[in-house]
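Trainee: Could you take me through one part of this model up close? I'd like to hear about the backbone oddities in the loops, and then whatever sits around them.

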2 protein chains.
Amino acid sequence: MPSAEPPKTILNALQREVPAFMPGRGAIRAFRGANADTGRAPGSNERRGAPTGRSKLLKDVQAALSASQLKDGDTISFHHHLRNGDRVLNLVLQEVARAGVKNLTVAISSIFPVHGPLIEHIRSGVVSRLYTSYAVGPVAKVLSQELLLEAPMVMQTHGGRARAIESGELDIDVAFVAAPACDRYGNMNGVQGKAACGTLGYAMVDVQHAKQVVAITDSLVPYPACPIDITQECVDYVVEVDSIGDRSGIVSGTTRMTDEPEGLKIAQMAARVIDASGMLQDGFSFQTGAGGISLAVAASLKGLMHERGIQGSFAAGGITGYLVDMHEAGLFRNLFDVQCFDLRAIESYRNNRAHQAMSASMYANPHNRGAVVNQLDTVILGAAEVDLDFNVNVTTASSGLIIGGSGGHSDTAAGAQLAIITTRLTGGGFPKIVDRVTTATTPGETIDAVVTEAGIAVNPLQTELRDRLQAAGLPLVSIDALRGQAAAICTNSPGPPADGEPVALVEYRDGSIIDTVRAVGQIAGG
Amino acid sequence: MPSAEPPKTILNALQREVPAFMPGRGAIRAFRGANADTGRAPGSNERRGAPTGRSKLLKDVQAALSASQLKDGDTISFHHHLRNGDRVLNLVLQEVARAGVKNLTVAISSIFPVHGPLIEHIRSGVVSRLYTSYAVGPVAKVLSQELLLEAPMVMQTHGGRARAIESGELDIDVAFVAAPACDRYGNMNGVQGKAACGTLGYAMVDVQHAKQVVAITDSLVPYPACPIDITQECVDYVVEVDSIGDRSGIVSGTTRMTDEPEGLKIAQMAARVIDASGMLQDGFSFQTGAGGISLAVAASLKGLMHERGIQGSFAAGGITGYLVDMHEAGLFRNLFDVQCFDLRAIESYRNNRAHQAMSASMYANPHNRGAVVNQLDTVILGAAEVDLDFNVNVTTASSGLIIGGSGGHSDTAAGAQLAIITTRLTGGGFPKIVDRVTTATTPGETIDAVVTEAGIAVNPLQTELRDRLQAAGLPLVSIDALRGQAAAICTNSPGPPADGEPVALVEYRDGSIIDTVRAVGQIAGG
């Protein structure tokens, strides 16, 4: 009944008189019944899921694709905590292909050799765009050769991926989470089940922002799946499968300490650099990758810290058993863990509350209110190449072939007070200290020192560090001198830079493009 | 240099050639330097905070008000984990008043007697609107008498508050968090420090959505404040003060078990209702308030579960020592805790990973992907009044005076399979089973049974439950019969309903308005 003047009060479903309007609130929505669902505010950003009732369990992946209404052109996401043991990407893409969905963007935090089947899904048009932070194996190789995707692959940093998701720049329609243990309502943890992988730090960002979230588990546990790593209110559907992956694939070739004399020498020198920098004091914070030399640096530091009775505040990153040992020996009060790198780390995360999970955003997002990388004193990083500007390449070989990606490299280099690159002068006969890196992954302005078997080059921007290392009697050399020595001893020299069409864009953590990877053409043999 | 056709590639700050455009992505932002901050996407919803550097510590609350640019008309939020021991609301409002900021909306999850100074801030125009889920003490009384605020106070449910914040309906400019332990970068926990209050479930929602977050702590701990309840990437500023509150104020008068024979009789009967309903089986899930009878129901259940060797899945809610005992005795595998109700619960949360924190959204938000209340088998709730339609009032006395509010009442009643009201027929001489409740808080359609000393009234909608209780030989009566008995034995009768201007709107969990509280006028004596 239209009326010239709106009524001042209305009767709701309980016959209660309520005001029709309220200053500053506008029209009142009157109660219409406990299940009448009157509440969705116009323009609301709340994300209600489909499921009602007490279970979100669907019978298989097809049912989840159907329930989530996945369609052509959508973006789907995956995480890589199971690393080369992951079965979820392949499983889901197989079902997506079967469902006839095309033209998807796949955002997976890292790509491993096990993900080879992705190539066929790209060739067949099921997948037409790709975001990742790291790629090794057949997918990386094939995508280096020619542009198969509709647009160059975007290679982000771990923190940059979180930033892109939180900002809405990378807008995920359906996130698939490999859940080592999951209950019927979507609570998940990474410490139970046959594929227990530890923390779920990368997936934690996806589930907060994706329009739909599907948990894929091979260990359905009674409600509630405590201790919970990802909580039910973020999850739409749960699917049980035979296997989400093979835990033994978590430990990749990059998580063993070097035993080569030259690598050990570099590691010891890097530890001396940290010491001479003045940072090795109570409260010291530290991150190191899982590469052979990086782990040896941790071992050297352990000795120094023990000797002097130093207790650090935290070690962060992908966590390895080496860092767990240091924590348990009292050398670091806490561990911040975005991803467990080995079974010992998983065990520690399961049992020890001082071993704290962190999301990829908390870890490294440059655009939140302060990431853990900002609190790092020292990070030890590897390199495929370093150039005269201290720019680092961890994305491609000198041939242009994709062999990795930033992961947290650029994030930690930018955040840490002291970012040290440890590297041999040459690798596979090719020089690693070069005029100009084949691909710029991490900008030189964020790198403080490069430690090699032939000495230490300090970034000229870091005059105080140079003075301290000099005072400590460490063997300082110029980066150009290292380049010269590398050139003198290398047995292979890189060919001309790849000049094919762009196959990948290297995205810096803030979303800007720091470099382009160009097609290398067909590779003989490999 | 303007050009008819845009260049296909551009050189970035590292002199790297990157494409100017990418299909589907548009113009490329070229890298301009590690700290050039090129990355903010247009229309981005990311929430970057002010702090750079390694500390967010400011010298006092004034500095935080200034840094967060709090201005007239803003909305600020608080949480109530310290209950009647909280000092943070008063402290912040005193500083806000001193700063000359006016016309604020205050959203505090509950109001206690300790918050009396709020009245003066309302009278002086510092605070002009109020959202809360529960109010007792002088603020509740004064706001019942006349409309002092610019608009009626909005009384939400705990889940409805989370819904309103997540949907953007309740848009918080600055959230203040009482942090029992906090580090310089804003990581907080509730298990350390002199005001350790346990979980921070209500604040967990505010910090996710507020434009600015200020942690107020009286225990600044070394970085990182593990185990972390609220993480640094959500927090803008940290302020250290002498005291955030008095832990002894957490235990309010509502957290002691009844020892009156009538109360115990009601409790035992409620336990028999649960038993007869068929729900008391392995996997049973349960919530009870901290009222005297509610706790006695837990004690009765404990006996039954022990006797039969039943292990429940979880107990939820504000957690009391009684529920901790049941968990430790193996009667519930897990505890879900939005707020610790006593010191024993705090201790348990500190030490036991099976005692799991939950945010107010995970607990009870009706518009997320499934709250914990949806998984409840049984909830035991109190009432100020119940009427012939089973509508429940926990908001006002029969005089219209505000004496509480929903808290989780409406949320758990809506979510649980079996929602039981336990109440005496009369209170303070007034009838508690009435024709029509003074104020409708929780709709009758979500209430299954009312248990009194004079028998059990089953909601006529619940025919199966009625049959089960009948078969178990329980004393069933109609709600009208209970009303009649209450009328017969009451020694006071309520006056006519308050008919002043609206002073509060009772908001159902979905955001609709279920009732209006009208001004009662000046109250003599009290």
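Mentor: Sure, let's begin with Gln69(B), which counts as exposed because its relative accessibility is 64%, over the 50% cut-off. Keep in mind that this is a predicted model. Gln69(B) lies in the loop that runs between helix H1 (61-67) and strand E6 (75-78) of chain B. Its backbone is the odd bit: phi is positive, about 55°, although Gln69(B) is not a glycine. That catches the eye because most residues other than glycine have a negative phi.

Now look at chain A. Gln69(A) also has a positive phi of about 55°, and it sits in the loop between helix H1 (61-67) and E6 of chain A. With 62% relative accessibility, Gln69(A) counts as exposed.

E6 leads us somewhere quite enclosed. Strand E6 (75-78) of chain A is one of the elements that the buried residues of H5(A) pack against, and helix H6 (201-209) is another. Ten of the ten residues of helix H5 (residues 158-167) are buried, so the helix is largely enclosed by the rest of the structure. Among them are His158(A), Arg161(A), Arg163(A) and Glu166(A). Right after H5(A) comes Gly168(A), with a positive phi of about 90°.

The loops have another kind of oddity, too. In chain A, the peptide bond joining Cys226(A) and Pro227(A) is cis, with omega about -5°; Pro227(A) is in the loop between strand E13 (212-217) and strand E14 (237-240). In chain B, the cis bond goes from Tyr223(B) to Pro224(B), with omega near -5°, and Pro224(B) is in the loop between strand E13 (212-217) and strand E14 (237-240) of that chain.

Notes
Residues are numbered from 1 along each chain as its sequence is written. Chains are lettered from A and ligands numbered from 1 in the order in which they are written. This is a predicted model: local features need pLDDT of at least 70, side-chain atom pairs count only at pLDDT 80 or more; totals for chains, interfaces and linings use all residues. Side-chain values use heavy atoms; hydrogens and water are left out. Buried means under 20% relative accessible area, exposed over 50%, partly exposed in between (1.4 Å probe, protein chains only). Helices (H or I, at least four residues) and strands (E, at least two) are DSSP runs, numbered from the N terminus. Contact means heavy atoms within 4.5 Å.
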